[in-house]
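Open the structure in your viewer and keep the selection tool handy. We will walk through it one stop at a time.

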Amino acid sequence: MSTPGTERIVVVGYGPAAHRLVERLGRHGHRGEVTVLGDEPAGAYSRPLLTSVLDGTLTPGALALPAPPEGTHLRLGVTATAVDRHRRLVRGSDGRAYPYDRLVLATGAAPLVPDLPWARGADGRLTPGVRTLRTLAHCADLGSGDPVAVVGGGPLAVEAALALRRRGRDVTLVHRGRYPLDRHLDARAGESLSARLRALDVALCTGRTAEARTGGKLRLDDGRWVAAGEVLLCTGVAPRTALARAAGLAVRTGVVVDDKLRTADPRVHALGDCAEPPGGTGPHFGHTAAWEQAEALAGLLAGGRDRYTAAGPVVRLKAPEMDLVWLGAPDGAEETVVFADAARRRYARLWLRDGRVRGAVLLGLGRAIAAVVRLYRRGEPVPADRLALLLGSPVEYAGERRPADAVVCHCAHVTGADLAAAWRAGARTVAGLAAATRATTGCGGCVGEVRGWCAAYARGTEAR
Amino acid sequence: MSGVLVVVGHGMTGHRLVREVRDRDREGAWRVVVLAEEPVAAYDRIALSAHARGAPAGRLALPGADFAGDERVELRLSAPVVRIDRAAATVRCADGTEVGYDALVLATGSRPFVPPVPGHDLPGCHVYRTLEDVAAIRAAVRPGRGAVVVGGGLLGLEAAGALDALGMRTHVVEAAPWLMPLQMDEGGGAVLGRLLARRGVRVHCGAGLRSVDAGADGSVRSVTLADGSVLGTGLVVFAAGVRPRDELAAGAGLATGGRGGFLVDARCRTADARIWAVGECAAVEGRCYGLVTPGYRMAEAVARQLTGERDAGFAGAELSTRLKLVGIEVASFGDAHARTEGAVEFVRADLGGDRYAKLVLDSSATTLVGGVLAGDTAAYAALRSLLGRRLPAAPDELLTAA
């Protein structure tokens, strides 16, 4: 291989992962030629902000990412049609061949369309009025005003439904799971989320699938009809691996790579949504993982010793209406801590091991989110007062553990004041207090408590 | 007021009432006649399961239950009252004797509820309420054989714990999705179920009893659950709740609550100013309480009225409960199900499934209004005494310290 830092690099795909890689290559001092083949006609843009186009707060142009470093050969509208690993070149839809020393596959993922007869025509295309949501093109002309049915229950489905509501559209969310985000949230978080969505006038049809669509309506499997002038399919994505497969590279869900983001061919790498790093959990979807991978790979290609190790996932729902974050995973946790406020639809759950956060779900608790994410990222132990942590603010505690009017013995209805009076009258032991007040003589369940009060009196801290 | 006070029933509540009256009645205004249905004086019914496991009955004795040496109290055993004549101000016992009263307190308690399923009265079916019931169950125990307890509430689990300790292969049948549904939330109920299962008690939740089935000899051979499963057993113990003993109401023209019980006002008084009801037989403003602590509070309120505090009332009582079996402890206190308006919950649980603790707080998350403990109830007494108060320290500290 030629000297690291000077190799010819070809990047296939120009989504956010590729964009970040190219930018970081420059920063890491890579001096070789970099060519990027992007099949979309526009330059790279911020996919996480697509819902801001959907709700009308941003124009499509505003999503554009900065131009790549000077000297980068950007070939937009060019699809890579084949990889010839033997001759180390990529063939483009423009008829040209692009030779490489290193090839980076950043082909991303494509929307997964479920096998629903009404969604696809005989030609395999989506039927009129049905679309997915992955690219800027998908966001065009969605402002027309018809009621929209969003099909799916993942983060994109929820974000899209909320974005369309912000735009004033009637929105129904159709999801076959019991509640939206059921793959990420436990049932109680799901309840609070569902209540919040309903309060924002997102109609929810959960536990349902759509069976047919006619006259701008979807028929659900319970026979109900929902208005669906437009249908937005947010039913997941699949890594785009055809090119890698055709080139003879190993593919499971995504293109199989090691912790150097390298395929079995040391000259071919893959990153982002199309790549499947070690760990057995499939591709690490989403822009955060893509950026971490781009950072690691840029360092490696520029001659460094970087490795990609997945930081635990931290996913934040992109919707201004609500603070919702889930992170990590419960696997291996020993303890769980929950804060639930059904009335205000706030919910938090932590999974802990050795007092450290392994996983969490937080809804409607903005300040706690910041604190928990920080603890998780740093691997620091959670503070002793976990209620305060989840509330996001210190709690003012009364301090007094043995208030005079607290009922200590419920069988005989003996209060702290009664015990104090008995103490002052000379009862100095549990037996003495019992004889004087009848405390502990019923079910006996308060013996430990009376002992505690007795000890406190003996220390002179109470009963004055 | 003065004269003859007749107390119908000598259970824990009736006994508390008499003691309170005697403690307060310095001048001896009242002569007290206690008419007990059982052949024994009041005993600690809460400790019945200890007796079922083999503790001598004497250990259940309540202090001063026989009123020995108190000539102002007359205790008549095996003297169930069958009629109240309000016009004549007398009660009549089963043996025909009549006792006149100036004040009458009904403390007749509850009777076990037996679900009316086919076979519920076959030989081998028992209830679990009195010393006699326990004696019959103990006589029917066959170590190694099956026993079915119908009802996964507090009483049912105590009975199950006793049967298990006596070596029976014990099943508990509960129609609700988890055990002790009145006291436990889902998380606490799940821990309780696991702890019992670990001890060898077979727990069947979410399926009620469909029938009790007879063998060739005409006695119990098995039970069938609503889901069709069949449990082989020669012994069935019903612990599926209780109903107030209010049979005396109809003949006396006294009103009863919607779900039974002598209807009384907040002072535990019936519409007849000389008649009160306390404990599990009383429907205080329509509501019955199936626990002893509220009964004690009612008994105290009535005793105070009888001794000059005309307006002493029953201010309600918190409904805390704790179940303690070998290796199994659960407790609930206050608003365990977070029904208080705006209430929030703080939960911590071991994922191994052995410990679960929930505190229910008011909407500002500062005042304790209830909770559930399962697996470890060390903090129970302290937390219970803090009900309705500002938390003195962080929940984590309160749950750990104890």
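**Stop one: a span from a record**

Start by selecting residues 407-451 of chain A: the C-alpha atoms at the two ends lie 14 Å apart, and the span is 49% helix and 11% strand. In UniProt, an unreviewed entry lists these residues as "domain: BFD-like [2Fe-2S]-binding". Keep in mind throughout that you are looking at a predicted model.

**Stop two: where the chains meet**

Now show chain A and chain B together. How many residues does each chain bring to the contact? Chain B gives 41 and chain A gives 39. Between them the two chains bury about 3200 Å², with 50% of that on carbon and sulfur atoms. Five salt bridges are found across this interface. To see a salt bridge up close, select Arg438(A) and Asp23(B), whose side chains meet with 2.3 Å from N to O.

**Stop three: a strand covered on both faces**

Next, pick strand E16, residues 230-233 of chain A. In a regular strand, side chains alternate between the two faces of the sheet. Here Glu230(A) and Leu232(A) are on one side, Val231(A) and Leu233(A) are on the other, and all of them are buried.

Add strand E9, residues 130-132 of chain A, which runs parallel to E16(A) and is joined to it by three bridges. Then add strand E10, residues 148-151 of chain A, which also pairs with E16(A) in the parallel sense, over four bridges. Which residue of E16(A) stands opposite Val130(A)? It is Val231(A), and Val231(A) is also the bridge partner of Ala149(A).

**Stop four: helix H4**

Select residues 155-166 of chain A to find helix H4, with twelve residues. From its first C-alpha to its last it reaches 16 Å, close to the 16 Å expected at 1.5 Å a residue. Its buried residues include Ala157(A), Val158(A), Glu159(A) and Leu164(A). After the helix, look for Gly168(A), which has a positive phi near 90 degrees.

**Stop five: helix H8**

Finish with helix H8, residues 366-378 of chain A. Its 13 residues reach 19 Å from end to end by C-alpha, close to the expected 18 Å. Color its buried residues, among them Ile369(A), Val372(A), Leu375(A) and Tyr376(A). What do the buried residues of H8(A) pack against? Show strands E21 (314-316), E22 (324-328), E24 (346-353) and E25 (356-363), together with helix H9 (386-391), of chain A. H8(A) is followed by Gly379(A), where phi is positive, near 65 degrees.

Note on methods. Residues are numbered from 1 along each chain as its sequence is written. Chains are lettered from A and ligands numbered from 1 in the order in which they are written. This is a predicted model: local features need pLDDT of at least 70, side-chain atom pairs count only at pLDDT 80 or more; totals for chains, interfaces and linings use all residues. Side-chain values use heavy atoms; hydrogens and water are left out. The expected span of a helix is 1.5 Å times one less than its number of residues. Buried means under 20% relative accessible area, exposed over 50%, partly exposed in between (1.4 Å probe, protein chains only). Contact means heavy atoms within 4.5 Å. Two strands pair if DSSP finds at least two bridges between them. UniProt positions are given in the numbering used here, feature names are shortened, and annotations may be inferred rather than shown by experiment. Buried area is the accessible area (1.4 Å probe) that two parts lose on being put together, summed over both. A salt bridge is a side-chain nitrogen of Lys or Arg within 4 Å of a carboxyl oxygen of Asp or Glu.
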